[in-house]
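Let's take a walk through this one, strand by strand and then out to the second chain. Keep the viewer open as you read.

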Amino acid sequence: MYSTYVVTRISNVLIMDRRDFIKHSALASSLFFVPSFVKAFEQVASGTLGYKRLVIIQLSGGNDGLNTVIPFQNDLYYKARPVLGIQKNESIPLNNEVGLHPSLAPLKRLYDAGHLAIINNVGYPNPNRSHFRSMDIWQTATDANTYSQTGWIGRYLDHFGKQPYNAIEIDDSLSLAMKGETLNAIATQDAKAFYNLAREPFFKNITNRMGDAHLSDHNLGYLYKTMIEAQSSAKYIFETTKTVSSTKIYPNDAFANQLKTMAQFINAGLETKVFYGSLGGFDTHVNQLATQKRLLKTYAEGIEAFVQDLKANNTFKDTLILTFSEFGRRVNQNASIGTDHGTANNVFIIGNQLKKQGLYNNLSNLTDLDESGDIKFEIDFRTIYATVLNKWLEVNDAKVLDKTFNQLDFI
Amino acid sequence: MDRKHIQHLYWRIGFGIAPSPLALLAKKNKKQVVDALFKASETVEPLKIDTTELETLMAAPYEDMKDNMRDFLKLSKEKTKELNAAWIDRLATTNALLREKMTLFWANHFVCEDNNFIYTQKFHNTLRAHALGNFKDFVMAISKEAAMTKYLNTKQNKKQKPNENFARELMELFTLGVGHYTETDIKESARAFTGYGHDLKGDFVFRERQHDEGNKTFFGKTGNFDGDAIIGIILENPQCAHFICEKIYRYFVNDTLDEVRVNEMAQVFYADYDIEKLMRFVLLSDWFYEEQNRGSKIKSPIEFLVGIKTMVPVSFNNAKQELYLQKLLGQTLLDPPNVAGWKGGRSWIDSNTIVLRLKLPSLLLNKGYISKVKQGDIDAVAEASKAIFQKQYGKKFATTAHWETFNEHYKNVPIQDLKSYVLACDMHKPANAYLDGLEKTSKQDYCIQLMSLPEYQMC
């Protein structure tokens, strides 16, 4: 299967023949004729959006939060998980009662430095245990009984964004979270490939000749306008980031590559307020131990390299990393040494501007579960979104979430 | 019938029309052309993937089935992909164009998905069976589909503990639109849908013991209503006809509503909720063919993809590639975002999708090459460029394009007339001027140029 990367790399071949090269040089001298509106699109968003950035990491499939942040003094935990329960001496203790999964040593180091906040029992009323629907709820930030065609970051762009690249998903296509009513984010894993695809000379020749008059309210005008924006975004992202490369060594996996690309974009000073990345495979119905061990290792090692990279470039102070999963898993282990879909889960907040570090609230004591045997939610995930929007991105959160939520005090 | 009108008709109820069939239809009048469309869609031909293996797994005793669950779900996933490919193939090759396009429309109205392929396929064919039928029968059938009772939790809707999910979406998304009911209406109607369930095969089962036999007060009426009765009461509200007609108008006519036309449609539809009558009314009207409606809509990813195939049949050597393309373009059949469906219109287009859309025809049909040779020049780089493409990406980007079909259909079209067949709207002057300044090296290369324009995204 090819990726967009491959699709877009194709343009390299087509552009780099000599004839086109000459044509390009000729075009360069005609830059004076570029209509004014093209320049307007190309203008870098001004500083009014602020300099802080949000990085969202989605753990897809439903990470088992109870084996991620472990209540090793709770007998109910071991009773519910005779095989799956992680023993106290295996876990990495945070205090006398709670430890991290053995794969999370890098996170423990962030914890020790005061760069990690763990918010427990995060969920929403009337939880849905379907992957699709629960992820949909997290991405659209709606109530469990309403459906939205826009995502929360998309609506952030609608209200406060100026350019598509104000939010970037490191992927081939956009998640619903990143789609707004009037503005969508950009999905890219490779700035150069995207640039090469967008600057196909044929497209440039068509759009270069467009006048303002054509950018009407009609659909066709909208297509031209979006194409011109795409060309200038692709150019802006590529040219701003091409000279920046990381000296840090990242683990060699797809997730770390996403983070490396993000760090490159951040360290280059790209006017991007929100980055979105994901790590999948957490749906551990069967033989959970090995799978989760591997995935959390990938997560934690990637994040640590990412944080170090940002620190080395003095950008960590302006970056907040939010990690979530669509749901936690059932407290009781199942017959296949795995766990089934559950509800409330923990959320990680990483940054060096945290007001409340470490455990934000207590873990569930596991005595008061819902009728399916799942952890009851204590903190609505949208209060976290509201806090991040309001206190970190410094915008009116109610506009984005269509509702007012309590503010938390982790930042 | 006017050629432009026929082309418009075929873009909206299909995926475009080739010059040779167009020439034949041009000899007929509008009524004959439209009648023929309905005639061709009279019979319902279900789309079916072989499910024997799944049925065998399902027929096993309960305890075995539990163990087989993972295999079953995995196989279901594979079968869903097969149905996806078969559906696209059907769209590109069917004679029952109108029924198939309506099925595609309804799939984004009664939005549903399921992890059991047998139920997915059953639901899918229910859409096709009712696509031109009676809307009331349609809603009732949908309410009893196994996949839907799972998707919107009617299955969990029991007398002792009602689940309002289906009742709410029935009114908000399927029949009336938001704001035309109260929370009490939802609560009361949810009680009427208690006891809905299905057997293993996916056939509807009414579980009497879980059904609430008490009186419900709904839209001012009181009685021991069941689900069908509730649907009947909803449809008595003219708002339902209006809501559906708005959606049909947006999909088949224009993104921007014309209230006068929608009201005319709603009047026709409200009489007996006959979908075929409504569509006949629309397609036989004069306003459907008016200039402001022609070429005014942005193709959905599926309309775009199937449109390409209608012009130049192209197959993917690896079916996964076609699936992945749908994802990149933002519309994977049988995998909707949520019950609200795809938003459509301008929301199909963003920085990523516009760039991919403009590049895709050349990638699929012409080894990535778009000719940019000035008039009078010779295209010296085309072959070399294609060869490099083939060498570098030939394996990863393996398609077979049947230009011979295109050549056959377009053989009587002079090259300078090609654009009136490829594009549904007029070209912007600057693009037109640029293309006019290029050498028309071959019909194939010119066709690729036209398909690489924003104008080609319109229908």
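Which residue stands opposite A:I321 in strand 10 of chain A? The partner is A:I350. Before going further, some ground rules: this is a predicted model, where local features need pLDDT of at least 70, side-chain atom pairs count only at pLDDT 80 or more, and totals for chains, interfaces and linings use all residues. Residues are numbered from 1 along each chain as its sequence is written, while chains are lettered from A and ligands numbered from 1 in the order in which they are written.

Start with chain A as a whole. It has 14 helices and 12 strands; helices (H or I, at least four residues) and strands (E, at least two) are DSSP runs, numbered from the N terminus. Of its 411 residues, 53% count as buried. Here a residue is buried if 20 or more other C-beta atoms lie within 10 Å of its own, exposed if 12 or fewer, and partly exposed in between, with the C-beta atoms placed from the backbone. Among the contacts in chain A with a separation of 6 or more, 72% come from residues 24 or more positions apart. Two residues are in contact if their C-beta atoms, again placed from the backbone, lie within 7 Å.

Now back to A:I321, which sits in strand 9 of chain A. Strand 9 covers residues 319-325, and 7 of the 7 are buried, so the rest of the structure largely encloses it. In a regular strand the side chains alternate between the two faces of the sheet. In strand 9 of chain A both faces are covered: A:T319, A:I321, A:T323 and A:S325 are buried on one side, and A:L320, A:L322 and A:F324 on the other. As for partners, strand 1 (residues 53-59) of chain A runs parallel to strand 9 of chain A, joined by 7 bridges, and A:I57 stands opposite A:T323 there. Strand 10 of chain A runs antiparallel to strand 9, with 3 bridges. Two strands pair if DSSP finds at least two bridges between them.

Strand 10 (residues 345-350) of chain A also leads to strand 5 of chain A: the two are antiparallel and share 5 bridges, with A:F348 as the bridge partner of A:I118. Strand 5 (residues 116-123) of chain A is another enclosed element, because 8 of its 8 residues are buried. It pairs in the parallel sense with strand 11 (residues 358-359) of chain A over 2 bridges, where A:A117 stands opposite A:G358. Strand 12 (residues 379-380) of chain A pairs with strand 5 in the parallel sense too, over 2 bridges, and there A:G123 stands opposite A:D380.

What packs around these strands? A:L322 touches A:L54, A:I56, A:V347, A:I349 and A:V388, leaving aside residues up to four places away in sequence. The largest nonpolar core has 232 residues, and those touching the most other members are A:I119, A:I153, A:L322, A:I349, A:Y385, B:C245 and B:M265. A nonpolar core is a set of buried Ala, Val, Leu, Ile, Met, Phe, Trp, Tyr and Cys residues joined through C-beta atoms within 7 Å. In soluble globular proteins, nonpolar side chains tend to be buried together.

Elsewhere in chain A there is an open antiparallel sheet of 3 strands in the order 2-4-3. Strand 2 (69-71) and strand 3 (92-93) of chain A are at the edges with a single partner strand each, so one side of each has no neighbour in the sheet. Strand 3 and strand 4 (residues 98-100) of chain A are joined by 2 bridges, and A:I92 stands opposite A:L100.

Over to where the chains meet. Chain B puts 52 residues into the contact and chain A 45. On the chain B side, helix 18 of chain B gives the largest share, 8 residues. That side divides into 26 nonpolar, 14 polar and 12 charged residues; Ala, Val, Leu, Ile, Met, Phe, Trp, Tyr, Cys and Pro count as nonpolar, Asp, Glu, Lys and Arg as charged, and the others, Gly among them, as polar.

Finally, look at helix 6 (residues 97-107) of chain B, where 9 of the 11 residues are buried. Its cover includes helix 1 (3-13), helix 3 (30-40), helix 5 (62-93), helix 7 (117-130) and helix 16 (301-311) of chain B.
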